[in-house]
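Welcome to a short guided look at this protein. Take a moment with the sequence and the 3D view, and then read on.

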Amino acid sequence: MVGRASVDESGALTLALGECVLANGATLVLSDLPEWRRETVEAVGVAWRENAVTLRRRGEDIRIRTYFDVVATRELCPCGMLGRDGARCACTEPMLDRWEARCRELVRALEAGGR
Ligand SMILES: [Zn+2]
């Protein structure tokens, strides 16, 4: 998501740019937010807030500027049927409560970006 830096056998530095850099000047969409790992969402939040991605390789930082917006999407419930015409949601109240808590946690992680 944020990228990777590596050095090959000849000593040449290779950068694998992640979506945060590739989204420069555009909008990065985190679809199905509850499916994302918290650490990944935090890393996106850091890049979004700092307008940069920092890749570390053998103690050396490589900073790449990136400017992007973030949009996160989610289903209304874990089974995905809530709010759909003619569909019946199979989720229980505890499931919906956990779903909402998970979504709130990830939005906070995105906004805080590791703070
Ligand atoms: Zn449901």
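## The buried side of helix 2

In this predicted model, the buried residues of helix 2 are Val41, Glu42, Ala43, Val44, Gly45, Ala47 and Trp48. What do these residues pack against? Their partners are helix 1, strand 3 (27-30), strand 4, strand 6 (69-72) and helix 3.

The length of helix 2 can be checked too. Its 13 residues, at 1.5 Å a residue, should span 18 Å, and the end C-alpha atoms are indeed 18 Å apart, so the two values agree.

## A closer look at alanine 47

Alanine 47 is one of the residues of helix 2. Is alanine 47 buried or exposed? Alanine 47 counts as buried, because it has 27 C-beta neighbours inside 10 Å, where 20 or more are needed.

You can also follow alanine 47 across to another part of the chain. Isoleucine 64 lies 17 residues away along the sequence, and the C-alpha atoms of these two residues are separated by 9.6 Å.

## The nonpolar core

Alanine 47 also appears in the largest nonpolar core, which has 13 residues. Together with Cys20, Val41, Val44, Val53 and Leu110, alanine 47 is among those with the most contacts inside this core. Two or more residues each come from helix 1 (19-22), helix 2 (38-50), strand 4 (52-57) and helix 3 (93-112). Which element gives the largest share? Helix 2 does, with five residues.

## Where helix 2 meets helix 3

Two packed helices are described by the angle between their axes and by the distance between those axes. For helix 2 and helix 3, the angle is about 35° and the axes are 6 Å apart. Their crossing is right-handed.

Which residues make the contact? Helix 2 brings Arg38, Val41, Glu42, Val44 and Gly45, while helix 3 brings Leu106, Ala109, Leu110, Glu111 and Ala112. Sorted by class, this contact holds six nonpolar residues, one polar residue and three charged residues. Val41, Val44 and Leu110 may look familiar, as they are also among the residues with the most contacts inside the largest nonpolar core.

## Two loop residues with positive phi

Now for the loops. Helix 2 is followed by asparagine 51, which is found in the loop leading from helix 2 to strand 4. Asparagine 51 is not a glycine, yet its phi is positive, at about 55°. With 12 other C-beta atoms within 10 Å, asparagine 51 is exposed, since 12 or fewer is the limit for that label.

Aspartate 32 sits in the loop between strand 3 and helix 2. Its phi is near 55°, again a positive value in a residue other than glycine. Is aspartate 32 buried or exposed? Aspartate 32 is exposed, because 11 other C-beta atoms lie within 10 Å.

## The whole chain

Stepping back, the protein contains three helices and six strands. In what pattern do they follow one another along the sequence? The pattern reads β-β-α-β-α-β-β-β-α.

The protein has 115 residues, and 16% of them count as buried. Contacts between distant parts of the sequence can be counted as well: among contacts with a separation of 6 or more, 59% join residues 24 or more positions apart.

Methods:
Residues numbered from 1 in each chain as written. Predicted model: local features only at pLDDT ≥ 70, side-chain atom pairs only at ≥ 80, totals over all residues. Core = buried A, V, L, I, M, F, W, Y, C linked by C-beta atoms within 7 Å. Helix = DSSP H or I, 4+ residues; strand = E, 2+ residues; numbered from the N terminus. Axes fitted to C-alpha atoms, helices over the stretch in contact; angles between N-to-C directions. Left-handed = near helix turned anticlockwise from the far one by under 90°. Contact = placed C-beta atoms within 7 Å. Nonpolar A, V, L, I, M, F, W, Y, C, P; charged D, E, K, R; others polar. Expected span 1.5 Å × (residues − 1).
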